[in-house]
Amino acid sequence: MKRDLTTARKKIGVNKIEANTITPIFNNIEKTVNASKIKIIDNVDWDELRKQVKILDDFMNPDIKLLDPQLLGLVTNLIYLSGGQDLYEKCLRANPDYNYKEKIQKLHYCKTSGYLPMRLEHFSTYQEDWCFLNLLNTTKKKKIVRLKQFQSVTVERARQLLIDTLKTVIATQDTYIHIFKVATGLGKTSACMDLINVLLALPTHDLKNDVSLLMQQKQIHHSCTPSDDMLPQHVKDRLSFLYAIGANAEATNYLKEMAEIYPEVREYRSQNFSCYRSQETVLTTHQKALFIDWGHDTIIFDEDIFQVLLPIEVIDLTDLLRLESKINNTNDKAKVTALINDIREGKVNTPRIMELIFEDLESIRDEVLNNPAYNSPILHFFNALYFQAEDAKSGDITKIRFISSYTDRLPQDKKIIIMSATADETIYRCLFGDRVKFYDISNVDSTGFISQDTTYSLSHSSLNEHLDYMTKRLKENGQQTITFKSYGAYFMSKGVDIVEDIYFYNCTGRDKLKGKNINVVGTPHRHPIEIALYAKVLNLPVVTDDFDIKNFHQQTVEHNGFRFWFNTYNNLHLRNLQFHFIESELIQAIGRARVNTELCTVNLYSNFPLKNACVTDEEKELGLQSFEQRANSPLCDFVNEDDLYISTDITDSDYCDEYEYNESLEYDPLPCDLIDATELDYSYM
């Protein structure tokens with residue numbers, strides 16, 4: 001097979017084609033005195049290398065003739081690989097379309113002229129090759145390449161911008177949804193505490209109580225909705241059951257009944273109603289803020305509410321089987337039976353709209369309410385928008401994930417403010433359109449130092465394969481560690497200092513690690529069914545085939561100013577949704593140390609690059625120098641200094657020392673779970 005020169009010219013970008021000469025647009029070969037410092041890399045596995053780099057594979061194929069710019073780029077790399085010069089000569093001789101005497105001169109010229117290895121992106125026609133810097137780098141591992149510098153402002157500038165913008169928003173009479181994407185540690189909660197006559201909603205009762213305590217200490221007048229700790233234990237247990245099965249209305253009625261019997265319940269309801277009617281500042285939770293009609297004109301949500309507006313829940317197939325056996329209405333029973341059969345036969349393997357309409361819903365509710373054997377939100381399930389079952393063989397117990405929508409619970413006639421480090425503009429615009437006003441104050445200089453190790457993916461399944469690697473490193477630095485909850489006990493048994501009450505999906509708002517050096521371990525992927533459900537509700541342009549395993553694989557991607565190799569979707573919309581959830585969890589975990597404002601270090605172990613982390617060796621060296629300088633200087637000496645900015649614009653010549661290959665370093669040839677069958681089966685939760 002001969003390469004079509006016209007097509008090749010379009011791919012690589014040339015000005016003209018003459019007899020056997022291609023004039024490339026790129027001219028990135030430079031002579032440099034540093035070339036002599038590049039150490040020749042030994043023990044090159046050429047078969048493995050050609051699998052990873054397509055342009056090299058083409059060159060080693062005697063039926064494909066490459067163009068001059070491609071040959072030149074390859075030569076500048078091969079002269080630094082042991083056996084590379086012999087390979088070049090062998091491939092030239094094996095292909096009769098090459099003029100050996102002419103092409104061999106490129107090898108002699110590059111050797112004597114001291115050319116540096118050309119970047120693959122400057123001569124390879126394959127974009128998937130561009131995730132590598134060059135062939136020397138490829139012999140180590142797939143390289144994360146920073147394409148764009150992290151542009152940031154000082155903490156002081158960001159804080160002032162937050163305060164000024166918030167004041168303007170509060171003073172304006174409107175009913176927009178104002179989204180503030182604010183870096184962790186800027187004091188967004190403090191900025192809200194001084195506001196008058198607003199409803200301030202926080203994710204949990206604990207966080208709500210913490211803010212209330214701070215406001216009391218500052219003598220800021222406010223009210224606070226009570227937690228259920230004041231209720232009798234058996235009342236709390238019954239409420240927990242009702243909420244667990246999705247019987248929210250029944251929970252309200254139950255509280256009314258118990259208020260007639262227990263003074264504590266009566267006081268609990270009285271305190272709540274007092275807050276509901278109040279016009280002063282009130283603290284509450286996200287849930288109550290959404291499901292109560294408040295008198296306030298302004299509602300502020302501290303932290304993102306996307307997953308509160310669109311909650312995903314799970315029910316067990318066993319609950320459906322149990323319900324099927326108890327239904328007396330023939331038609332209702334047939335509907336549940338048909339659904340169960342569809343699940344077992346794998347027909348519900350993509351998001352399906354919930355269309356179950358029962359003739360005798362009251363009997364079904366009575367059965368669920370009065371049978372403690374049910375342990376999943378089955379009543380919520382029947383009110384879902386979409387659902388999808390996990391794959392299961394006939395007879396296996398499986399789970400069904402479903403998504404509900406409470407976007408209509410955000411009042412149309414009130415000003416809504418959402419403040420979070422992870423709010424996504426695209427998602428909110430999909431939900432609320434032009435009602436959204438977005439303010440991005442997330443790119444902030446780090447006072448601390450974030451060092452990222454991307455050697456392995458460390459997704460849930462990848463971490464299981466590299467426990468020894470991680471245990472050794474975590475014990476070496478002895479810092480407190482945030483990771484997956486399911487791995488906490490293992491690491492603790494090995495002597496690692498695990499933060500037991502802070503883990504992925506439970507990091508938001510925690511402040512006890514402020515200013516401390518910590519580790520964050522893992523790449524937290526959301527279940528693909530959840531990605532599919534969100535995509536359906538957000539009405540993203542996807543088709544069923546986009547979720548097929550063949551369209552979810554290792555590939556080169558560009559995101560957040562990086563080019564890197566990742567296990568992801570071909571569909572860009574699904575990929576962005578996947579990346580949003582991963583990045584959000586990593587940002588929240590790293591943010592527990594308040595690294596933006598505190599002199600502390602965070603060691604991040606994940607193959608998903610964060611734009612404010614130091615990822616390459618060069619970045620880490622410069623970043624550590626800057627951090628040490630900040631640590632040894634008064635704040636006023638460096639807070640506004642641009643010369644302490646971590647440079648990420650590394651030229652070819654800056655990589656010379658990297659080629660001193662160290663055999664003691666452990667590299668994963670495919671660090672992102674390419675052969676991770678568990679993860680490819682979507683079993684990472």
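How much of the accessible surface of the protein chain belongs to carbon and sulfur atoms? In this predicted model, the accessible surface of the protein chain comes to about 31,300 Å², and 46% of that area belongs to carbon and sulfur atoms. Turning from the surface to the interior, 54% of the 685 residues in the protein chain count as buried. The chain contains 28 helices and 20 strands, and, among contacts with a separation of 6 or more, 73% are made by residues that lie 24 or more positions apart.

A good place to start looking is an open sheet of 7 strands, arranged in the order β6-β7-β5-β8-β13-β4-β14 with parallel pairing. Strands β6 (223-224) and β14 (436-441) stand at its edges, and because each has a single partner strand, one side of each is left without a neighbour in the sheet. Further in, strand β5 (residues 199-202) runs parallel to strand β8 (residues 298-302), and 3 bridges join the two; Leu200, for example, has Ile300 in β8 as its bridge partner. Helix α20 (residues 425-432) lies across β4 (177-182), β13 (415-420) and β14, and runs at about 170° to β14.

The next thing to follow is charge. Side chains of opposite charge can pair when their charged atoms come close. A search of the whole structure finds 26 salt bridges, and one of the pairs is formed by Lys415 and Asp174, whose closest N and O atoms are 3.3 Å apart. Since Lys415 lies in strand β13 while Asp174 lies in the loop between α8 (155-171) and β4, the pair ties together parts that are 241 residues apart in sequence. Lys415 is buried, with a relative accessible area of 3%, and Asp174 also counts as buried, at 17% relative accessibility.

Lys188 deserves a separate look. This lysine forms a salt bridge with Asp302, with the closest N and O atoms 2.4 Å apart; because Lys188 lies in helix α9 (residues 188-193) and Asp302 in strand β8, the pair ties together parts that are 114 residues apart in sequence. The side chain of Lys188 also meets that of Glu303 in a salt bridge, at 3.0 Å from N to O. This second pair again links distant parts of the chain, for Glu303 sits in the loop between β8 and α15 (306-309), 115 residues from Lys188 in helix α9. Lys188 and Asp302 are both buried, and Glu303 counts as buried at 8% relative accessibility.

Elsewhere, Asp68, Glu102, Lys103 and Lys106 are linked in a network of salt bridges.

Definitions and conventions:
Residues numbered from 1 in each chain as written. Predicted model: local features only at pLDDT ≥ 70, side-chain atom pairs only at ≥ 80, totals over all residues. Heavy atoms only, no water. Pairing = 2+ DSSP bridges. Helix = DSSP H or I, 4+ residues; strand = E, 2+ residues; numbered from the N terminus. Contact = heavy atoms within 4.5 Å. Axes fitted to C-alpha atoms, helices over the stretch in contact; angles between N-to-C directions. Buried < 20%, exposed > 50% of the residue type's maximum accessible area, 1.4 Å probe, protein only. Areas by Shrake-Rupley, 256 points an atom, 1.4 Å probe, with all protein chains shown as cover. Salt bridge = Lys/Arg side-chain N within 4 Å of Asp/Glu carboxyl O.
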